[in-house]
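Colleague: I have a model open and some questions ready. Can you walk me through it, one step at a time?

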Amino acid sequence: MFDIAIVGVGATGVSLLKQIQDEAYSAGLHKVRVALLSPQAEFARGKAFGDAASIHKVNTPPWMLSISDQEPTGFAQWMAGKGRNGELYPNRLTYSDFLNETYQDVVESGLLDIYEIHEQVEDLLPEGGGYRLMSTRGTLAIAKRVVLCLGSLHGSHFPKFRALPGFIDHHSQFEQVPDGRVLIAGSGLTAIDALRSLQSNQNREIHLFSRHGYAPTCLTASNRYEPRHLTWNNLLRGGEGGVRLDHFIGLLKQERDSLRGGDERDHAMRILRHEGEAAYFEYLMARSAEANLPYQDILVSTRPYMHKLWQAMPVEDRLSFHLNFGAAWAAWRHPIPYEVVGELAAAADEGRLRIHKAASTPVWERGEFVMRTDDEEIIRSTVMIDGTGGSNRLDGIEAPLVRNLLARGLVEAHPCGGIDIHPMTFECRYGGRPTRRLYNLGPLNKGSLFSTNAFWFNARCAGQWARQWIIDVAAEDAAWI
């Protein structure tokens with residue numbers, strides 16, 4: 001029986017393995033048996049980075065992409081060793097190389113007894129205080145503890161379109177896209193990846209659309225503005241009844257109102273509506289070059305504590321946040337590199353890029369996808385790309401493992417999306433009770449932890465899990481004495 005089985009060996013899985021090694025070394029544990037289960041194509045690279053195209057970039061600087069608490073500048077040092085320390089936002093394949101080399105270093109250290117299983121886990125069966133991990137071919141491994149590091153899983157937001165010609169949901173299909181008009185659903189990082197892959201063909205007319213009509217925003221050269229009102233200490237003074245969403249939003253409004261000359265958000269949105277996409281991008285780029293994006297700075301300042309605030313808020317407040325503020329938060333809190341915004345500005349200036357607020361879900365009419373905008377424009381195309389990214393709705397995720405975990409009562413959906421977990425131990429829950437020794441790390445913890453779309457946060461959670469594991473092992477050993 002393995003001590004630990006890690007299901008999914010992408011970025012979070014490699015980070016977890018590295019930090020298990022670090023904690024085992026510091027505690028003097030030898031030859032901890034670890035099973036790693038992941039298809040060969042994704043092994044030690046993952047989907048988010050290893051499955052990217054060469055044009056796709058990270059939107060986080062190297063100094064925030066460490067995978068180990070013990071080496072907080074690990075990726076930046078690795079980049080410097082490759083003679084590439086001048087790259088602020090390298091492509092994702094570069095990061096996948098870093099992950100793979102880190103994994104090889106862990107293997108070669110010999111501190112862990114690692115067993116690779118290059119197959120897809122499709123089911124778990126509780127057994128002997130642990131779990132039997134299964135595929136369609138039978139048993140793959142038996143482990144005392146199982147940690148799911150599944151990454152961002154696919155779940156189509158347009159299930160009725162999946163079998164239709166011209167519907168695309170992966171970059172490997174972009175070569176099939178003909179010249180002419182293309183619809184892309186979404187305005188976040190996945191949609192931008194799709195747009196950048198397609199816009200190299202100058203004959204394409206690309207229309208991004210979403211329910212809220214937000215456009216991508218630009219990373220600032222540096223975060224200079226220090227909030228005075230929206231601070232953790234002020235949030236703690238939220239009055240009786242604990243931390244509530246209205247108090248958070250009130251402090252955010254107070255912060256914005258205190259800015260001399262206002263912030264960039266409202267002015268940028270007016271430019272987008274009245275002057276168009278090119279003027280919008282150029283405005284944000286100019287302010288980015290001056291490091292004058294205070295609204296972005298305000299949201300970035302919440303990075304250290306937003307997950308704690310999320311845990312403190314009642315579920316009804318979290319749902320209200322998603323409904324009323326989630327789209328705006330995603331657009332302004334997760335900007336993209338300056339050079340990428342420059343590409344979008346050029347495409348918009350040439351009339352090859354439009355951004356819309358959809359009035360309703362697109363429909364299929366007479367061999368075309370039809371999207372109606374809120375300003376009553378009708379756009380037709382024979383090609384539509386789902387650029388909305390991974391799904392947090394468990395009932396919409398296609399992975400057999402997730403479906404079987406739900407059916408067996410080992411996990412359940414969090415009301416705000418993803419798997420319901422204990423926010424401190426990451427142990428999965430069902431019916432409010434822990435599913436002993438079954439854990440989840442990564443994007444599917446978003447309902448419980450909020451910040452899981454950021455890899456730096458998932459790496460931090462992996463470190464916390466590894467430290468707790470050492471405590472648990474010590475307690476178990478003491479019980480035998």
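**A residue, a sheet and two spaces**

Modeller: Let's start with T12. This is a predicted model. T12 has 10% relative accessibility, so T12 counts as buried.

Colleague: Which helix is T12 found in?

Modeller: Look at residues 11–27. They form one helix, and T12 is found there. The element is helix 1.

Colleague: Which residues does T12 touch, not counting residues up to four places away in sequence?

Modeller: Leave out residues up to four places away in sequence. The contacts that remain for T12 are C149, L441, F455 and N458.

Colleague: Now the sheet. In what order do the 5 strands of the open sheet stand?

Modeller: Strands of a sheet can pair in parallel or antiparallel fashion. Here the pairing is parallel, and the sheet is open. The order of the strands is 7-14-8-9-10.

Colleague: Which strands stand at the edges?

Modeller: An edge strand here has a single partner strand, so one side is left without a neighbour in the sheet. That holds for 167–168 and for 353–357. The names are strand 7 and strand 10.

Colleague: How many bridges join strand 7 to strand 14, and which residue stands opposite F167?

Modeller: Strand 14 covers residues 384–386 and runs parallel to strand 7. The number of bridges joining them is 2. In strand 14, the residue opposite F167 is M384.

Colleague: On to empty space. How many cavities of 30 Å³ or more does a search of the whole structure find?

Modeller: A probe the size of a water molecule, rolled over the atoms, shows where empty space is left. With 30 Å³ or more as the cut-off, the search finds 1 cavity.

Colleague: Which helix gives the largest share of the lining of the largest cavity?

Modeller: The lining is R145, T425, Y439, W465, Q468, W469 and D472. By class, it has 3 nonpolar, 2 polar and 2 charged residues. The largest share is 4 residues, from 455–480. That is helix 16.

Colleague: What is the volume of the second largest pocket, and which element gives the largest share of its lining?

Modeller: This pocket has a volume of about 360 Å³. Of its 16 lining residues, the closest to the centre are G213, L272, R273, I355 and K357. Helix 7 (264–274) and strand 10 are the elements that each give two or more residues. The largest share, 4 residues, comes from strand 10.

Colleague: How many charged residues are in the lining of the second largest pocket?

Modeller: Sort the lining by class. There are 4 nonpolar and 5 polar residues. The charged count is 7.

Terms used. Residues numbered from 1 in each chain as written. Predicted model: local features only at pLDDT ≥ 70, side-chain atom pairs only at ≥ 80, totals over all residues. Heavy atoms only, no water. 1 Å grid on protein atoms, 1.4 Å probe; cavity = no way out; pocket = protein on both sides within 12 Å on 5 of 7 lines; lining within 4 Å. Points joined across faces, edges and corners; volume = space filled by probe spheres on them. Nonpolar A, V, L, I, M, F, W, Y, C, P; charged D, E, K, R; others polar. Pairing = 2+ DSSP bridges. Buried < 20%, exposed > 50% of the residue type's maximum accessible area, 1.4 Å probe, protein only. Contact = heavy atoms within 4.5 Å.
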